Amino acid sequence: MSTPEIGTKIYQYSHTIGIDDAAGRSFRCAVDLALGPEGRLYVLQRGVSLQKNLAVKICSVDEEFFGDFGSYGTGPGEWVWPAGIAADSQQQLYISDEWNQRITVFDKQGNLLDEWGEEGAEEGLLNRPSGLAFDAEDHLLVVDTYNHRIQKFTKDGKFLSTWGSHGSGPGEFNLPWGVAVNGAGEVYVTDWRNDRVQKFGPQGDFYLQWGSSGNGEGEFNRPVGIAVDQAGDVYVVDWHNHRVQIFDSSGRFQAQLTGDATLSTWAEQLLAANPVMMEQRRVAKDLSQEKGFLNPRGVKVDDQGRVFVVDSSRGRLQVYRKVTA
């Protein structure tokens with residue numbers, strides 16, 4: 001088991017949550033998660049097109065499962081391509097839907113509260129919204145992916161501001177995906193097709209950028225989810241390189257996580273109830289590959305320094321803890 005370390009910061013693997021299954025307490029093609037109080041997790045499951053088993057799965061850090069909500073469709077509160085989830089200061093959940101071109105709002109029990117959004121390229125309209133994050137004023141930042149920009153809204157969907165345009169220069173985007181806000185209100189955006197991260201001021205003023213295409217330190221192959229911890233360190237999900245890279249606030253590489261998964265409690269219970277599956281694992285020649293990330297999509301960091309990586313193609317979360325000596 002690896003323990004990435006940089007200076008006095010150590011990233012210790014803690015445990016794995018979840019299994020890849022079609023129903024119940026499972027994460028089939030999870031793409032993002034939101035953090036709630038007292039270790040509550042809201043995992044956004046995109047599902048697959050034939051089964052359409054998309055949902056928000058609600059569980060705890062300690063693997064207690066509380067249920068789920070969500071349904072496929074174009075009606076009120078339904079989703080087709082859910083992409084991002086964020087919780088506001090009142091623990092209301094906001095979910096972006098690339099297909100329905102809207103934001104849906106739920107309470108923490110999954111009751112629909114509101115929805116807003118309309119397809120288009122003008123200010124306040126959306127084209128394939130993805131990543132979501134709240135700023136210090138509880139305004140919602142929406143990554144408007146196919147319009148190559150960031151838009152800011154009130155919680156009831158009133159347009160406030162926007163920045164960005166299509167391109168590869170400073171402050172421009174080519175299919176951005178993830179967004180995160182630090183304690184100073186500065187905004188980080190993963191610029192997916194440009195294989196880089198850009199940093200902006202609270203009002204969208206360009207500050208800096210880092211990254212290029214590749215698989216070395218500080219290089220990316222389609223960065224997606226992004227998070228910032230209380231110390232200002234930035235966690236970037238490097239999708240096709242199957243890893244999470246960690247940087248300081250200026251974009252200097254610190255460490256990387258590539259996965260250290262053990263079986264979750266749910267997986268152990270599933271195996272115990274399925275002798276055939278248990279035997280298949282016993283005779284397998286090499287199980288070491290299942291430890292690593294496979295096309296991870298999202299990452300969040302809580303106020304205890306726990307890092308939650310959405311290990312999408314393996315149907316689970318891998319949890320780490322940042323320890324500062």
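Lining the second largest pocket are 16 residues, and I19, L263, A267, R281 and E290 lie nearest its centre. Helix 1 (265–272) and helix 2 (275–283) are the elements that give two or more residues to this lining, with helix 1 supplying the largest share, three residues. Helices here are DSSP runs of H or I with at least four residues, strands are runs of E with at least two, and both are numbered from the N terminus.

A word on the source: this is a predicted model, in which local features need pLDDT of at least 70 and side-chain atom pairs count only at pLDDT 80 or more, while totals for chains, interfaces and linings use all residues. Residues are numbered from 1 along each chain as its sequence is written, and side-chain values use heavy atoms, with hydrogens and water left out.

Now back to the two helices. Helix 1 and helix 2 pack at an angle of about 110°, with their axes 6 Å apart; axes are lines fitted to C-alpha atoms, for helices over the stretch in contact, and angles run from 0 to 180 degrees between N-to-C directions. The two helices are therefore roughly perpendicular to each other (the class for 65 to 115 degrees; under 35 is roughly parallel, over 145 roughly antiparallel, and the rest oblique). L270, L271 and A272 of helix 1 meet P275, M277, M278 and R281 of helix 2, where contact means heavy atoms within 4.5 Å.

What about the other spaces? On a 1 Å grid over the protein atoms alone, a cavity is a set of points where a 1.4 Å probe fits but cannot get out, and a pocket is an open set with protein on both sides within 12 Å along at least five of seven lines; lining residues have an atom within 4 Å of a point. Grid points are joined across faces, edges and corners, and a volume is the space filled by probe spheres set on the points.

| Space | Volume | Nonpolar | Polar | Charged |
|---|---|---|---|---|
| Largest pocket | about 1,000 Å³ | 21 residues | ten residues | ten residues |
| Second largest pocket | about 310 Å³ | seven residues | four residues | five residues |
| Largest cavity | about 110 Å³ | seven residues | four residues | three residues |

In these classes Ala, Val, Leu, Ile, Met, Phe, Trp, Tyr, Cys and Pro count as nonpolar, Asp, Glu, Lys and Arg as charged, and the others, Gly among them, as polar.

The largest pocket has 41 lining residues, and L35, A87, V228, K300 and V301 lie nearest its centre. Strands that each give at least two residues to its lining include strand 3 (30–35), strand 4 (40–45) and strand 24 (306–311). K300 also appears with D32, G131, G178 and G225 among the residues closest to the centre of the largest cavity.

Which strands pair with strand 25? Strand 2 (residues 9–17) pairs with strand 25 (residues 316–324) in the antiparallel sense over eight bridges, and strand 24 does so over six. Two strands count as paired if DSSP finds at least two bridges between them. V319 is the bridge partner of H15 and also that of F308. Four residues lie between strand 24 and strand 25 in their hairpin, and G315 in the turn has a positive phi of about 65°.

Elsewhere, four strands form an open antiparallel sheet in the order 3-4-5-6. Strand 3 and strand 6 (65–69) stand at the edges with a single partner strand each, so one side of each has no neighbour in the sheet. From one strand to the next, the twist averages 20°.
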